[in-house]
Amino acid sequence: MNLKNVLIISFFFLPFNLLLAQYIPMVEEGKFWIYNVHSNSDFPSSESGHAITFLGDTIINSLIYKKVYKLKLKGEHGCAVTEMPCWDFDYPYQTEERKLISLIREDTTEKKVFNLPIFNGSPASEENLIYDFSLSIGDTINTSIYDFIGANIYSDDGWGIVDSFDIIQKYEIERPTILSYGIIYWHGLPVQGQARIFQGFGLESYGIFHAGLTLLKDFCEGEIDQCELILSASSVEKSKEVNIFPNPSQGIFNISIEKEKIELIKVYSLLGELKSEFQHTDNIDISDFPKGVYFLEIITKDKERLIKKVLKEN
């Protein structure tokens with residue numbers, strides 16, 4: 001099977017919107033996709049492993065994104081040198097280091113997921129639509145080319161079309177699922193078959209991340225200990241220690257930074273709408289705002305930007 005056919009499956013990774021059940025969000029902290037990376041050969045062999053997860057928030061162009069990190073996982077080549085490569089994960093999974101690879105946001109009203117790739121430490125100028133859950137039967141699955149999943153798009157007649165929907169259990173959750181047809185992977189080898197894409201999770205063989213020889217090994221959502229994952233100091237999100245108190249509150253929030261060091265505080269809604277700004281102060285009053293969750297973007301005089309989430313009660 002040639003490279004074109006191998007990559008056709010990327011056409012099916014980009015999803016749909018199933019209205020038969022309650023929408024299951026994808027972009028939430030506490031989700032971990034565990035991957036095996038295979039050697040590039042006719043008989044793929046596992047040679048390393050990593051995890052993909054979301055850690056922390058940032059605001060770009062008034063849009064709120066989650067940071068997408070690739071976490072290197074510890075393991076060893078557990079076979080004879082003449083049989084290498086092969087790879088055995090340490091278990092519980094243990095991270096060694098992290099790399100910021102992308103920013104991602106989800107519009108739960110429109111049921112779409114957008115990716116903003118990171119190049120040389122800086123975000124791209126334009127985001128890509130990577131999941132569109134508003135499609136119907138007969139629609140062609142999104143054919144965007146984007147670096148976040150490393151996909152190149154190819155299509156054949158009848159492939160990449162939303163064939164039907166179903167509710168299928170995947171990782172202990174009944175998930176609305178799109179059914180299509182194309183190239184899938186069996187033990188790392190490409191074969192033709194049914195492609196299934198799950199809300200809140202992604203493509204069956206790849207989860208959120210797609211690459212021909214990078215295959216999903218495991219997936220977990222929950223607390224770190226529930227996922228049998230140990231985060232090293234080098235792989236956690238590092239941010240300045242800033243406390244917001246009281247939180248939640250009726251609308252008055254104090255920031256544990258001297259007001260002389262604060263240049264500006266911006267208040268955003270969950271949808272990224274700029275609601276208000278406060279200058280040179282260590283407290284804000286949003287008592288007249290509707291109850292709900294808001295993001296504070298705190299900009300210091302050193303031009304450091306800190307993102308904090310607050311809950312405004314009645």
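**Close-up views of a predicted model**

**Figure 1. Surroundings of W33 in the predicted model.** Leaving aside residues up to four places away in sequence, W33 touches M26, H50, A51, I52, F54, G200, F201, G207, I208, L216, D218 and F219. W33 also belongs to the largest nonpolar core, where it is listed with I52, I104, V113 and I208 as having the most contacts inside that core. Two of these core residues, I52 and I208, appear among the residues that W33 touches.

**Figure 2. The largest nonpolar core and a second, separate core.** The largest nonpolar core holds 32 residues, and at least two of them are supplied by each of the strands β1 (31–38), β2 (46–60), β6, β9 (128–132), β10 (164–170), β11 (173–186), β12 (189–198) and β14 (214–221). Strand β14 gives the largest share of this core, namely 3 residues. A second core, separate from the largest one, has 17 residues, including F278, I284, Y294 and I298. In soluble globular proteins, nonpolar side chains tend to be buried together.

**Figure 3. I173 in strand β11.** The residue I173, which lies in strand β11, counts as partly exposed because its relative accessibility is 30%, a value that falls between the limits of 20% for buried and 50% for exposed. When residues up to four places away in sequence are not counted, I173 touches I24, I168 and E221. The C-alpha atoms of I173 and G200 are 9.7 Å apart in space, while the two residues are 27 residues apart in sequence.

**Figure 4. Lining of the largest pocket.** The largest pocket, with a volume of about 430 Å³, is lined by 18 residues, and of these V27, I64, E106, L270 and F295 lie nearest its centre. Strands β3 (63–73) and β6 (93–107) each supply at least two residues of this lining; β6 is also one of the strands that supply at least two residues of the largest nonpolar core. By residue class, the lining divides into 9 nonpolar, 2 polar and 7 charged residues.

**Figure 5. The whole protein as context for the close-up views.** The secondary structure comes to 2 helices and 22 strands, and 48% of the 314 residues count as buried. Among contacts with a separation of 6 or more, 56% are accounted for by residues 24 or more positions apart. The protein exposes about 15,500 Å², of which carbon and sulfur atoms supply 47%.

Conventions:
Residues numbered from 1 in each chain as written. Predicted model: local features only at pLDDT ≥ 70, side-chain atom pairs only at ≥ 80, totals over all residues. Heavy atoms only, no water. 1 Å grid on protein atoms, 1.4 Å probe; cavity = no way out; pocket = protein on both sides within 12 Å on 5 of 7 lines; lining within 4 Å. Points joined across faces, edges and corners; volume = space filled by probe spheres on them. Helix = DSSP H or I, 4+ residues; strand = E, 2+ residues; numbered from the N terminus. Nonpolar A, V, L, I, M, F, W, Y, C, P; charged D, E, K, R; others polar. Core = buried A, V, L, I, M, F, W, Y, C linked by side-chain atoms within 4.5 Å. Buried < 20%, exposed > 50% of the residue type's maximum accessible area, 1.4 Å probe, protein only. Contact = heavy atoms within 4.5 Å. Areas by Shrake-Rupley, 256 points an atom, 1.4 Å probe, with all protein chains shown as cover.
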